[in-house]
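User: Before the terms used for a structure are accepted, their basis should be clear. Please present the structure and be ready to justify each label.

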Amino acid sequence: MTPQLNIVLVEPQIPQNTGNISRTCAVTGARLHLVEPLGFVVTDKQLKRAGLDYWDKLDITYYQDIGDFFLKNPNGMYYYFTTKGKHIHSDVVYSQEKPVYLVFGREDRGLDEKLLYHNPDTCVRIPMRKTLRSLNLSNSVAIAAYEVLRQWEYPNLSTEGNLTKYTWE
C-alpha cells in the first residue's frame with residue numbers, strides 16, 4: 001500500500017502561496033485540501049500563474065470550514081504546523097499506515113489556538129530564529145512535505161534525472 005500525503009490549507013489568504021503549494025502537491029502526488037473561506041477566488045490570475053500548467057494535475061477538495069474538513073476526513077494522522085509547536089517537524093515519525101494530513105493555517109495568523117491546545121502532541125514546528133515571525137507558507141509546506149516523503153523513501157517519485165545534452169558516465 002502506498003502511503004497517502006495530504007496538504008491542508010485552512011483559510012489561505014494569498015493566491016500566489018496557494019498556487020505554489022498546488023505545484024508542490026502536483027509534483028509530489030499529495031492531495032490538496034482547501035478549507036474556506038479563502039482570501040481569493042480560485043480563478044485568480046495570480047493563483048493560476050503560480051501553479052502554471054500543473055493545475056489540472058491536482059487532486060483537490062474544497063471544504064466549507066474546518067468542521068466540514070474533519071467530518072469528511074475522520075481517519076488519519078493530523079500534524080498541525082505552527083510556530084507555537086513544541087515538537088520539531090523532522091523528529092516526528094510520519095505514519096505509512098494511515099493517511100497523513102499536514103495542516104497549515106492562514107498566512108496572517110496561523111491555526112486557531114483552540115485546535116492547537118487540544119492537539120499538543122501533533123503540533124509541530126519548523127525551526128527558525130526566535131527573533132523572526134515565520135517562514136513563508138509555501139516554503140513551509142514544501143519543507144514539511146519533503147520531510148514526510150524522505151521518511152517514506154519518496155514513493156512513486158523519480159529520484160534520478162537525466163541530462164538533455166550529455167550522458168552521465
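The exchange below sets values against definitions.

Analyst: This is a predicted model, in which local features need pLDDT of at least 70 and side-chain atom pairs count only at pLDDT 80 or more, while totals for chains, interfaces and linings use all residues. Residues are numbered from 1 along each chain as its sequence is written, and side-chain values use heavy atoms, with hydrogens and water left out.

User: Why does His 33 count as buried or exposed?

Analyst: Buried means under 20% relative accessible area, exposed over 50%, and partly exposed in between, with a 1.4 Å probe and protein chains only. His 33 has 0% relative accessibility and therefore counts as buried. His 33 is found in strand S2 (residues 31-35); strands (E, at least two residues) and helices (H or I, at least four) are DSSP runs, numbered from the N terminus.

User: What makes the pairing of the side chains of Asn 6 and His 33 a polar contact?

Analyst: A polar contact is a pair of N or O atoms within 3.5 Å; within protein, one must be able to donate a hydrogen and the other to accept it, and residues adjacent in sequence count only if both atoms are side-chain atoms. The side chains of Asn 6 and His 33 are joined by such a contact of 2.8 Å. Asn 6 lies in strand S1 and, at 0% relative accessibility, also counts as buried.

User: Which residues does Asn 6 touch, not counting residues up to four places away in sequence?

Analyst: Contact means heavy atoms within 4.5 Å. On that basis Asn 6 touches Arg 31, His 33, Pro 99, Val 100, Tyr 101 and Leu 102. For His 33, leaving aside neighbours within four places in sequence, the contacts include Ile 7, Thr 61, Phe 69 and Tyr 101.

User: How do you know that the span of helix H5 agrees with its number of residues?

Analyst: The expected span of a helix is 1.5 Å times one less than its number of residues. The 15 residues of H5 (residues 137-151) should therefore span 21 Å, and the end C-alpha atoms are 21 Å apart, which agrees. Among the buried residues of H5 are Val 141, Ala 144, Ala 145 and Val 148. Their cover includes strand S1 (5-10), helix H1 (15-28), strand S4 (77-81) and strand S6 (100-104).

User: What is notable about phi of Glu 153, and why does Glu 153 count as buried or exposed?

Analyst: Phi of Glu 153 is near 65°, a positive value in a residue other than glycine. Glu 153 is in the segment after H5. At 68% relative accessibility, Glu 153 is classed as exposed. Glu 11, in the loop between S1 and H1, also has a positive phi, of about 55°, although it is not a glycine.

User: What makes a region a pocket, and what volume has the largest pocket?

Analyst: On a 1 Å grid over the protein atoms alone, a pocket is an open set of points with protein on both sides within 12 Å along at least five of seven lines, whereas a cavity is a set where a 1.4 Å probe fits but cannot get out; lining residues have an atom within 4 Å of a point. Points are joined across faces, edges and corners, and a volume is the space filled by probe spheres set on them. The largest pocket has a volume of about 500 Å³. Of the 25 residues lining the largest pocket, the closest to its centre are Thr 83, Arg 106, Glu 107, Ser 134 and Leu 135.
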